[in-house]
Amino acid sequence: MQNRILSIGSQFPDFKKIAAVSIEKGKEFYELNSDEIKASGKWLVMFWWPKDFTFVCPTEIAEFNKHYLDFVDRDAMLIGASTDNEFVHVAWRNNHDDLRDLRFPMLADTSKSLAEELGILEQNEKVALRATFIVDPQGTIRWVSVNDLNVGRNVKEVIRILDALQTDELCPCNWQKGEATIEA
């Protein structure tokens with residue numbers, strides 16, 4: 001069986017999942033759902049990692065957190081996700097200095113249903129591939145990137161792509177926000 005990753009133009013699947021949102025006692029969890037995201041009218045950037053308590057994943061999560069306000073400034077909701085449960089997410093945040101002060105939710109896809117529907121469930125270990133989705137306010141997937149499990153992604157490139165998509169214009173290779181776009 002091979003992955004059939006949802007791609008550009010597909011609707012992002014509906015979901016309702018618990019997320020770890022804090023390490024403060026009594027405020028650790030929140031139920032996230034796709035209806036709430038759609039109602040916000042914002043872009044969605046959802047990035048997935050394979051497993052909590054690993055080596056590459058916290059480098060990416062910390063880097064996304066470092067750029068959290070860049071996503072907010074672009075009217076985008078940032079959500080991290082894995083197939084670990086919400087209790088593992090909170091334990092990892094409590095255990096790792098770089099993850100304690102995260103400003104975005106860590107979605108828990110313990111049933112693996114969302115990862116499977118997105119086509120990013122690794123076939124042998126049944127963990128999420130290192131995938132990133134940019135979804136427009138109408139719920140349409142506009143960009144997908146998937147890395148092998150052992151290679152971290154470039155958060156600045158995710159921001160660059162989001163900027164380009166939000167122009168709704170033709171953007172040349174290596175285009176950066178503020179540069180001219182291409183006239184058709």
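**Residue classes and basis of the model**

Ala, Val, Leu, Ile, Met, Phe, Trp, Tyr, Cys and Pro count as nonpolar, Asp, Glu, Lys and Arg as charged, and the others, Gly among them, as polar. The model is predicted, with local features requiring pLDDT of at least 70 and side-chain atom pairs pLDDT 80 or more, while totals for chains, interfaces and linings use all residues. Numbering runs from 1 along each chain as its sequence is written, and side-chain values use heavy atoms, without hydrogens or water.

**The cavity**

A search of the whole structure yields 1 cavity of 30 Å³ or more; a cavity is a set of points on a 1 Å grid over the protein atoms alone where a 1.4 Å probe fits but cannot get out. The largest cavity holds about 90 Å³ of space, the volume being that filled by probe spheres set on the points, which are joined across faces, edges and corners.

Its lining (residues with an atom within 4 Å of a point) comprises 13 residues, and Ile37, Lys38, Leu44, Val135 and Gly139 lie nearest the centre. By class, 7 of the lining residues are nonpolar, 3 polar and 3 charged. Helix α1 (residues 34-40) contributes the most to this lining, with 3 residues; helices (H or I, at least four residues) and strands (E, at least two) are DSSP runs numbered from the N terminus.

**Helix α6**

Helix α6 spans residues 155-167, 13 in number, and reaches 19 Å from its first C-alpha to its last, close to the 18 Å expected at 1.5 Å a residue; the expected span is 1.5 Å times one less than the number of residues. At its start, a side-chain oxygen of Asn154 comes to within 2.9 Å of the backbone nitrogen of Lys156. Just after the helix, Asp168 adopts a positive phi of about 55°.

The buried residues of α6 (under 20% relative accessible area, 1.4 Å probe, protein chains only) include Val158, Ile161, Leu162 and Leu165, and also the charged Arg160 and Asp163. Their cover includes the helices α2 (57-66) and α3 (68-73) and the strands β3 (43-48), β4 (76-82), β6 (130-135) and β7 (141-147).

**Arg130 and Leu99**

Arg130 belongs to strand β6 and is buried, with a relative accessible area of 2%. The side chain of Arg130 reaches the backbone oxygen of Val151 at 3.3 Å.

Leu99 is in the loop between α4 (86-95) and β5 (106-108) and counts as buried at 0% relative accessibility. Beyond its neighbours within four places in sequence, Leu99 is in contact (heavy atoms within 4.5 Å) with Pro58, Ile61, Ala62, Trp92 and Arg93.

Terms used: On a 1 Å grid over the protein atoms alone, a cavity is a set of points where a 1.4 Å probe fits but cannot get out, and a pocket is an open set with protein on both sides within 12 Å along at least five of seven lines; lining residues have an atom within 4 Å of a point. Buried means under 20% relative accessible area, exposed over 50%, partly exposed in between (1.4 Å probe, protein chains only). A polar contact is a pair of N or O atoms within 3.5 Å; within protein, one must be able to donate a hydrogen and the other to accept it, and residues adjacent in sequence count only if both atoms are side-chain atoms.
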